[in-house]
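Here's a quick walk through one protein model, written for someone who spends more time at the bench than at the screen. Have a look at it first, and then we'll go through some of its features.

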Amino acid sequence: MIKNIKKSYEHTIYASYAGAITQAVVNNFTPLLFLTFAATYGLSLEKITLLTTVNFFVQLLVDLVSVKLVDRIGYRPAIVAAHVFAAAGIAGLAVLPQMFSHAYTGIMVSVILYAVGGGIIEVLVSPIVEACPTEKKEAAMSLLHSFYCWGQVFLVLVSTLFFAVFGIENWRILACLWAVIPLLNTLYFMMVPIFPIVEEHEKLSLRGLFRRNVFWLLMVIMVCAGASELAMSQWASAFVESALGISKTMGDLAGPCAFGALMGIARALYGKFSERIPLKRFMLGCALLCIVCYAAASLAADPVVGLIGCAVCGFSVGIFWPGTFSIAAKSIPGGGTAMYALLALAGDIGCSGGPTVVGMVANAAGGALRTGLLAAMVFPVLIFFGICLVRKG
């Protein structure tokens with residue numbers, strides 16, 4: 001069994017899938033505990049909000065540092081260390097607040113630890129899967145990113161069930177249980193084969209990468225991919241409740257939860273039928289669908305139409321992130337770690353900037369979230385024209 005694990009690239013892909021699930025736990029578990037932290041430790045809304053800001057800021061820094069550092073220390077030590085950081089941070093939520101005079105310090109240390117792990121995982125799992133000797137690389141990449149979506153849905157459902165059965169006061173036990181996933185995957189990644197991402201003599205320098213016009217075009221597409229996804233998903237709950245007048249419970253299930261599930265379905269479906277559907281054509285179709293979804297959510301008078309627009313938007317954005325990685329791998333074969341790290345950085349900038357644009361425009365329009373989401377339509381529009389240019393390039 002162990003000999004098979006050490007030789008089979010399929011196990012490398014499975015370990016990467018588990019890495020994507022770990023990343024979903026990193027980004028989505030703590031937000032489930034925000035109100036609990038506020039009540040238990042007396043934290044203000046400002047301090048709670050800072051936890052999310054620090055998480056993604058640290059991941060941005062890790063993306064940037066990975067451009068040079070990962071190639072020096074090697075992929076296996078880096079991905080193993082990433083899972084150790086993630087496990088320590090998730091489990092640390094249950095332990096570290098009691099070890100500091102101020103519980104908030106312990107929570108923040110935990111956030112920084114798992115953010116470092118999540119950032120490294122985000123940078124490495126895509127090129128690790130891309131390097132595996134499989135003929136269906138676009139399918140593998142799409143399936144890889146679908147596991148982030150399934151991980152997010154699984155996390156929410158299991159956590160909700162755990163809290164209902166055992167009580168929210170036992171959240172520390174659940175934190176330790178979620179930490180088992182990256183801990184076991186640490187051992188998995190120590191055994192699976194990791195193939196060369198780019199041969200040393202074929203690797204582009206940063207200067208060579210920056211001279212490629214297609215690289216900058218793909219960077220813009222990645223920014224818009226992250227923005228298109230997060231602009232809707234981050235504001236969906238508030239939008240459904242305030243602008244569409246639907247109850248929060250039903251809105252969360254039919255809005256954000258459906259958004260994540262449909263995003264995972266889009267990635268899984270493309271992974272299954274990638275041989276029949278050209279990637280760029282599929283991305284163009286999804287960009288058009290995304291534009292329609294943003295228009296439906298922001299302009300439709302019927303709340304049901306607006307709700308459908310929010311949910312189906314998840315399907316439309318599903319291919320943007322993994323699809324851009326696949327296009328980059330084909331368009332710039334010598335890009336290596338630097339290319340994947342910088343594309344991840346661009347995506348994370350979009351993830352941060354998209355919801356900010358919606359909030360700023362909505363605030364300027366007197367709190368009208370419809371107007372904010374209408375402004376966010378620019379992101380899928382730019383993706384559409386960007387893919388058209390890549391097709392010509």
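## A buried isoleucine

Ile-327 has a relative accessible area of just 4%, so it counts as buried. You'll find Ile-327 in helix α14. Keep in mind that this is a predicted model.

For a sense of scale, try going from Ile-327 to Thr-40: their C-alpha atoms are separated by 47 Å. Along the chain, these two residues are 287 positions apart.

## Two salt bridges

Side chains of opposite charge can pair when their charged atoms come close. How many salt bridges does the count come to? The answer is two.

One of them brings us back to helix α14, which covers residues 320-331. There, Lys-330 pairs up with Glu-138, and their closest N and O atoms are 3.0 Å apart. Glu-138 sits in helix α7 (residues 137-166), so this pair links distant parts of the chain, 192 residues apart. Are the two partners buried or exposed? It's one of each: Glu-138 has 18% relative accessibility and counts as buried, because the cut-off is under 20%. Lys-330, on the other hand, is exposed, with a relative accessible area of 62%.

The side chains of Glu-229 and Arg-267 also meet in a salt bridge, this time with 3.8 Å from N to O. Glu-229 belongs to helix α10 (residues 213-242) and Arg-267 to helix α11 (residues 248-273), so the pair ties together parts that are 38 residues apart in sequence. Here, both Glu-229 and Arg-267 are buried.

## Helices α5 and α8

Now for a pair of helices. The axes of α5 (residues 75-95) and α8 come within 7 Å of each other and cross at roughly 170°. Angles over 145 degrees count as roughly antiparallel, so that's the label for α5 and α8. What sort of residues make up the contact of α5 with α8? They divide into 19 nonpolar, three polar and two charged.

## A nonpolar patch on the surface

Helix α8 spans residues 171-191, and Met-190 is found in it. With a relative accessible area of 49%, Met-190 is partly exposed, because exposed would take over 50%.

Met-190 also has company at the surface: together with Val-180, Leu-184 and Leu-187, it forms a nonpolar patch. Between them, these four residues offer about 380 Å² of accessible area.

Conventions. Residues are numbered from 1 along each chain as its sequence is written. This is a predicted model: local features need pLDDT of at least 70, side-chain atom pairs count only at pLDDT 80 or more; totals for chains, interfaces and linings use all residues. Side-chain values use heavy atoms; hydrogens and water are left out. Patches are made of residues with over 30% relative accessible area and no salt bridge: like charges are joined within 9 Å, nonpolar side chains (Val, Leu, Ile, Met, Phe, Trp, Tyr) within 5 Å. Accessible areas come from the Shrake-Rupley method with a 1.4 Å probe; for residues, only the protein chains shown count as cover. Helices (H or I, at least four residues) and strands (E, at least two) are DSSP runs, numbered from the N terminus. Buried means under 20% relative accessible area, exposed over 50%, partly exposed in between (1.4 Å probe, protein chains only). Axes are lines fitted to C-alpha atoms, for helices over the stretch in contact, and angles run from 0 to 180 degrees between N-to-C directions. Angles under 35 degrees count as roughly parallel, over 145 as roughly antiparallel, 65 to 115 as roughly perpendicular and the rest as oblique. Ala, Val, Leu, Ile, Met, Phe, Trp, Tyr, Cys and Pro count as nonpolar, Asp, Glu, Lys and Arg as charged, and the others, Gly among them, as polar.
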